[in-house]
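I opened this model to look up how some of its side chains and strands are arranged, and I keep in mind throughout that the model is predicted. My notes follow in the order in which I looked things up.

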Amino acid sequence: MFLDISQAFDRIWHPGLLFKLKHALTSNYYLLLKSYLADRNFAVRHNNTLSDHYPIEVGVPQGSVLGPLLFLIFTADISKAGNTTIASFPDDVAVLSVNEDPVSATQHLQTHLNSLAEWYTRWRIKVNQAKSVQITFTTCKNVCPPLTFNTAPIPVSTEVKYLGLHLDQRLTWNTHIQAKRRQLDIKFRQLHWLLVS
């Protein structure tokens with residue numbers, strides 16, 4: 001299962017982050033990071049009109065050095081399970097279950113997805129079910145039964161893109177090689193004028 005997190009850095013809930021920081025850091029570091037997040041405001045400009053200022057109560061500053069670190073602290077206690085493996089990058093989360101029986105693999109995944117759904121709801125992180133994908137990596141004809149997240153069915157696919165890698169259900173790398181070849185062809189056409197000059 002590949003889950004897509006909506007606006008990962010933009011949706012970090014400040015009270016929840018401060019709660020976790022308070023329990024993870026000494027008071028000096030906690031107060032420093034609390035002041036870093038406090039008193040931030042935003043306004044919207046349309047043409048020559050500027051709106052009122054409103055407090056920013058979610059998210060971490062974009063492009064900051066601390067942004068990824070704060071996100072890691074916020075998600076460090078993500079729900080884990082014994083029968084599955086979870087790998088997360090800010091907006092992409094992969095949950096893997098390995099079993100010869102597709103039904104058992106699905107049961108393990110579904111149990112973990114249910115606990116993840118509770119965790120994401122508690123910490124106010126939104127998962128985009130429409131962009132999330134279920135895929136069965138196998139050379140057999142049997143595939144895993146459909147999975148749900150927050151009672152919504154997750155689309156089943158025969159290939160997925162994760163952290164720049166294009167993976168097909170048989171893990172042949174054909175899809176990845178074809179995608180990279182297309183990208184190289186585009187770059188070659190863009191730079192062709194340099195070669196013929």
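I began with Lys 20, whose charged end I find over the ring of Trp 123, at 4.0 Å from the ring centre. The charged end of Lys 20 also sits over the ring of Phe 74, and there I note 4.6 Å to the centre. I then looked up how these two rings are grouped, and both Phe 74 and Trp 123 belong to one aromatic cluster, together with Trp 13 and Phe 19.

Next I turned to ring pairs in general, and for the structure I have nine aromatic pairs on record. One pair I followed further is that of Tyr 120 and Phe 149, with ring centres 6.3 Å apart and planes at 55°, so I enter this pair as tilted. Because Tyr 120 lies in helix H4 (residues 102–122) and Phe 149 in strand E8 (residues 148–149), I note that the pair ties together parts that are 29 residues apart in sequence. Are these residues buried or exposed? Tyr 120 has 3% relative accessibility and therefore counts as buried, and Phe 149, at 1%, counts as buried too.

Last I looked up strands E10 (residues 159–162) and E11 (residues 165–168), which run antiparallel and are joined by four bridges. For Val 160 I traced the bridge partner in E11 and found Leu 167. I enter E10 and E11 as a hairpin with two residues between the strands, and I add that Leu 163, in the turn, has a positive phi of about 50°.

How values were computed: Residues are numbered from 1 along each chain as its sequence is written. This is a predicted model: local features need pLDDT of at least 70, side-chain atom pairs count only at pLDDT 80 or more; totals for chains, interfaces and linings use all residues. Side-chain values use heavy atoms; hydrogens and water are left out. Rings of Phe, Tyr and Trp (its six-membered ring) pair if their centres lie within 6.5 Å; planes under 30 degrees apart count as stacked, over 60 as edge-to-face and the rest as tilted. Buried means under 20% relative accessible area, exposed over 50%, partly exposed in between (1.4 Å probe, protein chains only). A charge sits over a ring if NZ of Lys or CZ of Arg is within 6 Å of the ring centre and within 35 degrees of the ring normal. Two strands pair if DSSP finds at least two bridges between them.
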